[in-house]
Amino acid sequence: MLNLVPEWTYHYGEFWKAIKIRNLWFIRLRYLAAVILFGFFITGEYLFHLNFSTEQIIAINSISFSILLYNVIVHSIRKYVSTDPDKFNGLHLSLIQMILDLTALMLLVYYTGLIESPLYTFFIFHMIIGSLILPGYIIYMTAGLISCVFAILTFFQRYNLIESHFISGLYLGPRPHTLTYDILFVIIFAVMLFISVYIANKIAHQLYQREQQLRSSLEKLNEAEIAKQKYTIGIVHEIKTPIAAVHSILELIKNGYVGSVSLLVEEKIKRAELRTEEALQLIKNILNISKLRLLEIRLTDEINLSAFIKNILDTFSDLAKEKSIALIFNDNTNEQLFIKSDKILFELVLSNVISNAIKYVEKGGTVDVKLDSTEDKFIIEVCDNGIGIPQKEIDKIFEQFYRGSNINRTIHEGSGMGLAIVKEIVEKLGGIIKVSSPSRLAVENRPGTNFGIVIPIHYKQNEYDIFEVNREDYLES
Ligand code: ATP
Ligand code: MG
């Protein structure tokens, strides 16, 4: 099959997507053209008092009807064309449409006066559109063919070999032309077509190339980002080893394995140990975030959503009891909801947000976790009545290393990396995370915080059925 794909096409997915969109655009435009054509005929007759002959009436209406008919056919088959350069694809469909359109236009021009027809300029419009989609050589060939047919018809008409159909009412009668006029007209018409093709083709070519260049720059940037993350992982790993060693030595000293230590030294060692633990936690977080950027998400783990959340909450129950915090789970999904997701990443999200809530709630407070689901997404809300987040800092708390100005750093240890990781994962899962403060549990002096996480369900199974939810549809909506 004729290969119409330009040789410099390099990102095929994007190329076919563009062709598909342009084909649909032409189909819509053609519906409009057919309607305008009927309109032209009616307004011509009644508004401008043009007198169409019976032959012209039949011809114009048949052409409009044919345009509508083949457009409906093209419209219905466009979904089924392939994106394989060797098979019947979107470009072949574009070529067929162009051939049909040009034939219809040539007939229309012929039946409205040929050289006298006001409609011949539409050829230029077609040439420009064709140049945006089809390879240059096809369009130049088409421009040559149109010029030849137009010239032949003009001279056949001149020597009365075919009937002439000027629009009565536009001119007073058939206009006598000299041969020079006809020749000049045909030459200027052809030159106009070729110049339009040349300019449109050049612009389209440059645009395509620019687009492809942008794409390859983007790919290079992604490669650089991957290299950067790998480099960070390497360095941070190197830092981790000596700190871990210092940490274990401190532990040995603290536990008296290298001789007895005074109370004062023990106290200092405990503080030093705490600082190394913090440093190790920070390193773990940086490693997590770097690995996360390298990771391709695999949505393959089957998760029973309610049971999964309950399990995570169980791991926090001792901590909650210690601080006399009421840890509540409100499950509003009245079905056994199974989803496919990435267990480890999903757990990382929930444990970070829940541990924050427990950390930033004072003794006797409440942490309420709520689960809701719709047809194609689930919503998890983690609400507390803790210290809250100052309004002007709300937008910053997902930034790496950012910690609220209202926290007590000696009580609330941390690195400010937790929520940055959470946001990155949620977005990788195609979802969104939002935060608000005060929360709906706010009481006096405890404004509280509310985290809402919405994630699309890529695959869902309940008691009755199994179905897959299209991620792209969700993201588009
Ligand atoms: P870590 O990296 O150990 O998690 P962190 O908890 O300080 O440290 P994040 O989890 O990223 O870091 O949170 C960033 C900041 O957002 C916190 O320092 C805190 O100021 C604020 N924050 C997060 N969750 C809550 C919450 N439930 N209530 C009040 N403030 C919160
Ligand atoms: Mg945290």
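1. Is Ser-66 buried, exposed or partly exposed? To settle this in the predicted model, look at how much of the residue can be reached: Ser-66 has a relative accessible area of 35%. Buried would need a value under 20% and exposed a value over 50%, so Ser-66 counts as partly exposed.

2. While you're looking at Ser-66, find its place in the fold. Ser-66 belongs to helix α2, which covers residues 54-77. Now look for Ala-34: along the chain, Ala-34 and Ser-66 are 32 residues apart, yet 9.0 Å is what separates their C-alpha atoms.

3. Next, zoom out to the domains. The domain assignment splits off domain 1, running over 7-176, and domain 2, running over 298-460. If you take the C-alpha centre of each, domain 1 and domain 2 are 60 Å apart.

4. Helix α8 (residues 305-315) is a nice one to rotate on screen. Its buried residues are Leu-305, Ser-306, Phe-308, Ile-309, Ile-312 and Leu-313. Why do they share a side of α8? Because they cover an arc of only 165 degrees around the axis. The general rule behind such patterns is that an α-helix has 3.6 residues a turn, so residues three or four places apart point the same way. Turn to the other side of α8 and you'll meet Asn-311, Asp-314 and Thr-315, which are exposed.

5. Now for ligand 1. There are 22 residues around ligand 1, and the ones that come nearest are Asn-356, Arg-403, Gly-404, Ser-415 and Leu-419. By type, the shell holds 10 nonpolar, 9 polar and 3 charged residues.

6. Some polar contacts are worth picking out one by one. Gly-416 has a backbone N or O atom 3.0 Å from an oxygen atom of ligand 1. With Met-417, a backbone N or O atom is again involved, and an oxygen atom of ligand 1 sits 2.9 Å away. Thr-449 uses its side chain instead: an N or O atom there is 3.1 Å from a nitrogen atom of ligand 1.

7. How much of ligand 1 does the protein cover? On its own, ligand 1 has 590 Å² of accessible area, and the protein covers 96% of that. Two helices, α10 (343-359) and α11 (418-428), are the elements that give two or more residues to the shell around ligand 1. The largest share belongs to α10, with 3 residues.

How values were computed: Residues numbered from 1 in each chain as written. Chains lettered and ligands numbered in written order. Predicted model: local features only at pLDDT ≥ 70, side-chain atom pairs only at ≥ 80, totals over all residues. Heavy atoms only, no water. Buried < 20%, exposed > 50% of the residue type's maximum accessible area, 1.4 Å probe, protein only. Helix = DSSP H or I, 4+ residues; strand = E, 2+ residues; numbered from the N terminus. Arc of directions from axis to C-beta. Domains from an automatic or database assignment. Near = heavy atom within 4 Å. Polar contact = N/O pair within 3.5 Å; in protein donor to acceptor, adjacent residues only side chain to side chain. Areas by Shrake-Rupley, 256 points an atom, 1.4 Å probe, with all protein chains shown as cover. Nonpolar A, V, L, I, M, F, W, Y, C, P; charged D, E, K, R; others polar.
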